[in-house]
Each structure stands twice: as structure tokens, then as C-alpha cells.
Amino acid sequence: MQIIDLDESHLNSYFCCLEDWSNDMLETGDHKQRWYRHMQDKGLRVKLAIEDGLACGMIQYLPIEHSIVKGQDLYFIHCIWVHGHKQGVGNRQKRGMGTALLRAAEADARMRGAKGMAAWGLWLPFWMKASWFKKQGFEKVERDGIAQLLWKPFCPDAQPPAWMKKTQDPVRIPGKVRVTAFISGWCQAQNMVFERAKRASQTFGDRVYFEQIDTLDRAVLDQWGIADGLFIDGKQVWTGPPPSYEKILKKIEKRVKKLKT
Ligand SMILES: CC(C)(COP(=O)(O)OP(=O)(O)OC[C@H]1O[C@@H](n2cnc3c(N)ncnc32)[C@H](O)[C@@H]1OP(=O)(O)O)[C@@H](O)C(=O)NCCC(=O)NCCS
């Protein structure tokens, strides 16, 4: 197994989270590509774990000042993923690939002068597990629902990161259903939710007001304090793991039926 920097030959695999086999990835639009191009100039780093000539794991991290949390002089890990499905390259987890990716990212961040590394994870035992980072020497900083923010300082003067806090909820519009979709682009699961919500909203014509809030724009992110999320009439919809198109459609339809004709 080899850890390499992302190169042109693996870009497509990277853009679909190494799930080249997945039809869901066809529903994600071009948000990830846009995010990648934007963040390239801002110090985004991507490393891949290659085995049998195939990309089987990835880690993406960037200077925290350009991430979805607050902090300074740290690198923030948006995600680490070792392919775990039966399809495609198959399950490659629990064989040391994640550890190797994280070690390589940490060494790289140190070399670039970072004062530490930050990451997020869930304290529940699925998706990106906070417990895995803790075994790798990370400490919890704060909790937000089921998500934990963690960090590993490299030097005594490092400052801990902090969650961004939602500053406001989208307000309801009389006579319409308001669907508000926040999108930053870094996460294909969230990009999929965005595209499904947009498509579902369009089926109701002018009874539904669909709005896209583009949080790749830092000023917009700071204004709302939400990077990715779906709100229907001001109420946040649970989007991890991504709800199906039908589920989102039903949720909007339920609100549309309540509109006075
Ligand atoms: C968290 C994650 C990155 C870890 O990657 P990994 O390659 O499985 O990690 P490692 O193999 O280095 O470590 C995992 C475990 O396997 C064990 N292990 C490592 N090599 C091993 C080997 N040769 N034989 C048996 N066990 C081994 C490790 O000791 C570790 O055990 P622990 O969980 O009890 O600590 C991976 O499980 C993953 O991708 N999970 C999903 C994360 C996700 O949802 N990401 C998307 C977020 S947007």
C-alpha cells in the first residue's frame, strides 16, 4: 500500500468518494468539483491510499481558516474515508490504511508549519467515528448534537478550534413553501441532498420557493453559520445519511398540502 498526493489520473475517483460504481454519485451535480477548484488555491490537500493500483482510501484537509469550523493555524480534516462497501474496490477497512493516511496528513501539516490538526466525528458508532480519532491521539473540544469536534495540538501555543454556530433560521414565506438548501460543496452526501431537494421542489411549480445558499462564499458562511443543510419552512431536515429523493419529495408535499388555496 502506498500513500500518494491526489493526481490527475485519480481525480474522477476522488470526485465520487472512490465509489465509481455508485449510481447515487450521478445525482451530486458539480459542486464537489467547484469546491475543489476553489480550495486548491487556499491550501487544500488530498492524499490517497493506493493498493493493487487502485485508490482505496482518501483524506482531505485544509487550513482551518477556509474550512467549515473556526480556528487558526491548524489544518482541518473534512473527511477521511477508506472504502468499505462490497462493490468497486471492496472493503479495505481495518487493515491500517486509515492510520497510514492520517499519519501522512499529520506529517504534511507539521511540515507546512501547522500548530495542530482538527477533525470532526460522530460519537455514535457509525459514519466518521470520533472514537477512531481519539485512538489516534485526538481530544474532544466540543459537541454539537451527535457530532464532536476534535483536535491534536502539535505545540503548546496552539489554539483549539470551535464549531460555527447557526446565527438564524430561514423564515417562512406566506402562501409558499420555502425550501432552503445550504451548500458548500465539500461533501458528496450533502451535494446529493441538495440536488434531490432542488429537483423535488421544481415539481411543485411556484407553490414552492427553492433557494440555494452558497456557503463556498466565506461571507455567506459567516452570515449564517451553517455550511450544509436543508430546511423546509425554516425547519431543519435530518440529512445524514442522505434521505432518498422520494422522502424529500414527501416532506415538501406535506407542507404544500397545508397551503391555503
Ligand atoms: C475511520 C476509518 C477512516 C478508519 O480506516 P481504517 O483503514 O479502517 O483504519 P485502520 O485499519 O487504520 O484502523 C481501524 C482498526 O483496524 C485495526 N487494524 C489495523 N490494521 C489491522 C490488521 N492488519 N488486522 C486487523 N486489524 C487491524 C486497527 O487496530 C483499528 O482498530 P480499532 O478500531 O480497534 O482502533 C474507516 O473505518 C472509515 O473510512 N470509516 C468510515 C468513515 C466515513 O464515514 N468517512 C466519510 C466521512 S465524510
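Helices and strands here are DSSP runs, of at least four residues (H or I) for a helix and at least two (E) for a strand, numbered from the N terminus. Hello everyone, and please keep in mind that this is a predicted model.

Let me start with the overall layout. The protein is divided into domain 1, residues 2-118, and domain 2, residues 177-257. Taken over C-alpha atoms, the centres of the two domains are separated by 25 Å. Domain 1 puts 21 residues into the contact, and domain 2 puts in 16 residues. How much area do domain 1 and domain 2 bury between them? About 1600 Å², with 58% of it on carbon and sulfur atoms. On the domain 1 side, the residues that lose the most area to domain 2 are E27, H31 and I68, and together they make up 36% of what that side buries.

Now to the sheet. It is an open one of 7 strands, and reading across it you meet β1-β2-β3-β4-β5-β7-β6, with mixed pairing. At the edges stand β1 (2-5) and β6 (139-144); each has a single partner strand, so one side of each has no neighbour in the sheet. If you ignore direction, neighbouring strands are turned against each other by 25° on average.

Let's walk along part of that order. β5, residues 116-122, pairs with β7, residues 147-153, in the antiparallel sense over 7 bridges. Within that pairing, M117 stands opposite K152 of β7. On from there, β7 and β6 are antiparallel too, over 5 bridges, and E142 has L149 in β7 as its bridge partner. These two strands, β6 and β7, form a hairpin with 2 residues between them, and G145 in the turn has a positive phi of about 65°.

Lying across β2 (45-51), β3 (54-63) and β4 is helix α2, residues 31-40, which runs at about 55° to β3.

What about the inside? The largest nonpolar core has 56 residues, and the members that touch the most others are Y14, I77, M117 and F133. Which strand gives the most to this core? That is β4, residues 74-82, with 7 residues. Why does the core lie between the two domains? Because domain 1 and domain 2 both give residues to this core. Have a look at I77 while you are there: leaving out residues up to four places away in sequence, I77 touches I59, Q60, Y61, L102, M117, A118, A119, W120, F133 and F138. Apart from this core lies another, of 18 residues, including V179, L230, Y245 and L259.

Next, a few single positions. G185 sits in the loop between β8 (177-183) and α5. Is G185 buried or exposed? With a relative accessible area of 1%, G185 is buried, the cut-off being under 20%. Neighbours within four places aside, G185 is in contact with H31, K32, W35, N191 and D228. You will remember H31 as one of the domain 1 residues that lose the most area to domain 2. As for D228, it is 43 residues from G185 in sequence, yet the two are 8.2 Å apart in space, C-alpha to C-alpha.

D228 comes up again with Q190, a residue of helix α5 (residues 188-202). Q190 is buried, at 17% relative accessible area, and beyond its neighbours within four places it is in contact with D228 and T239.

L26 gives us the opposite case. Its place is the loop between α1 (11-15) and α2, and at 70% relative accessibility L26 counts as exposed, since the threshold for that is over 50%. The same loop holds C17, a buried residue with a relative accessible area of 15%.

That brings me to some backbone details. Most residues other than glycine have a negative phi, and most peptide bonds are trans. C17 is not a glycine, yet it has a positive phi of about 50°. D233 is another non-glycine residue with a positive phi, near 50°; D233 is in the loop between β10 (229-232) and β11, and it is buried, with a relative accessible area of 10%. Finally, where is the cis peptide bond? It runs from G240 to P241, with omega near -5°, and P241 is in the loop between β11 (235-237) and α7 (245-257).

Thanks for listening, and I'm happy to take questions.

How values were computed. Residues numbered from 1 in each chain as written. Predicted model: local features only at pLDDT ≥ 70, side-chain atom pairs only at ≥ 80, totals over all residues. Heavy atoms only, no water. Core = buried A, V, L, I, M, F, W, Y, C linked by side-chain atoms within 4.5 Å. Buried < 20%, exposed > 50% of the residue type's maximum accessible area, 1.4 Å probe, protein only. Domains from an automatic or database assignment. Contact = heavy atoms within 4.5 Å. Pairing = 2+ DSSP bridges. Axes fitted to C-alpha atoms, helices over the stretch in contact; angles between N-to-C directions. Buried area = accessible area lost by both parts, 1.4 Å probe.
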